[in-house]
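Me: I am new to this structure. Please show it to me, and then we can go through it in short turns.

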Amino acid sequence: MSSFSAGKEVLSYCGKCKLPLGHTIVSMKDTATIGKVECNTCHAVHMYKDPATKSKKVKSTSRSTKKSKKAVSVGELWMEEMGKASGKAVAYSIRSTFNEGDIIDHKKFGPGIVQTLIDDKIEVLFQHELKLLVHGK
Ligand SMILES: [Zn+2]
């Protein structure tokens, strides 16, 4: 049991100093919860912030930010498209005609999904790259 009360020192995260520092308790929310604290370094009065909780939060936030900022790679897109695609893969041939959403099986590049039709060409998403192939010849 740790007892806190106004006037006692406690380790709290300081938003101004951006460090966990010694703070003096200014007020209590209730007998077990610290309310406001005053930073012993910069003398800013703010709500008590548990240094352990704060550092955890910072870590998880930066991790999720990184993830959302990262561009989706061809491989990830390919996985997603392959998961959504239904039907059997058709062996790619320059003589066959393909449509958007068709799954093709390319001798060299492996399975891919037709993304866009551009005149006599098809843009196919393969696991490692996006390729423009000729069809319907
Ligand atoms: Zn401070």
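Reply: A nonpolar core is a set of buried Ala, Val, Leu, Ile, Met, Phe, Trp, Tyr and Cys residues joined through C-beta atoms within 7 Å. A residue is buried if 20 or more other C-beta atoms lie within 10 Å of its own, exposed if 12 or fewer, and partly exposed in between, with C-beta atoms placed from the backbone. This is a predicted model: local features need pLDDT of at least 70, side-chain atom pairs count only at pLDDT 80 or more, and totals for chains, interfaces and linings use all residues. Residues are numbered from 1 along each chain as its sequence is written.

Me: Which strand gives the most to the largest nonpolar core?
Reply: The largest nonpolar core has eight residues: W78, Y92, I104, I113, V114, I122, V124 and L125. β9 and β10 each supply at least two residues of this core. Strands here are DSSP runs of E, at least two residues long, numbered from the N terminus. With three residues, the top giver is β10.

Me: Which residue in β11 stands opposite L125?
Reply: β10 (residues 121-126) and β11 (residues 130-134) pair in the antiparallel sense over five bridges. Pairing takes at least two bridges found by DSSP. The two strands form a hairpin, with three residues between them. Opposite L125 stands L130.

Me: Is D119 buried or exposed?
Reply: D119 sits in the loop between β9 (110-118) and β10. Only 12 or fewer neighbours are allowed for an exposed residue. D119 has 7 other C-beta atoms within 10 Å, so it is exposed.

Terms used: Helices (H or I, at least four residues) and strands (E, at least two) are DSSP runs, numbered from the N terminus.
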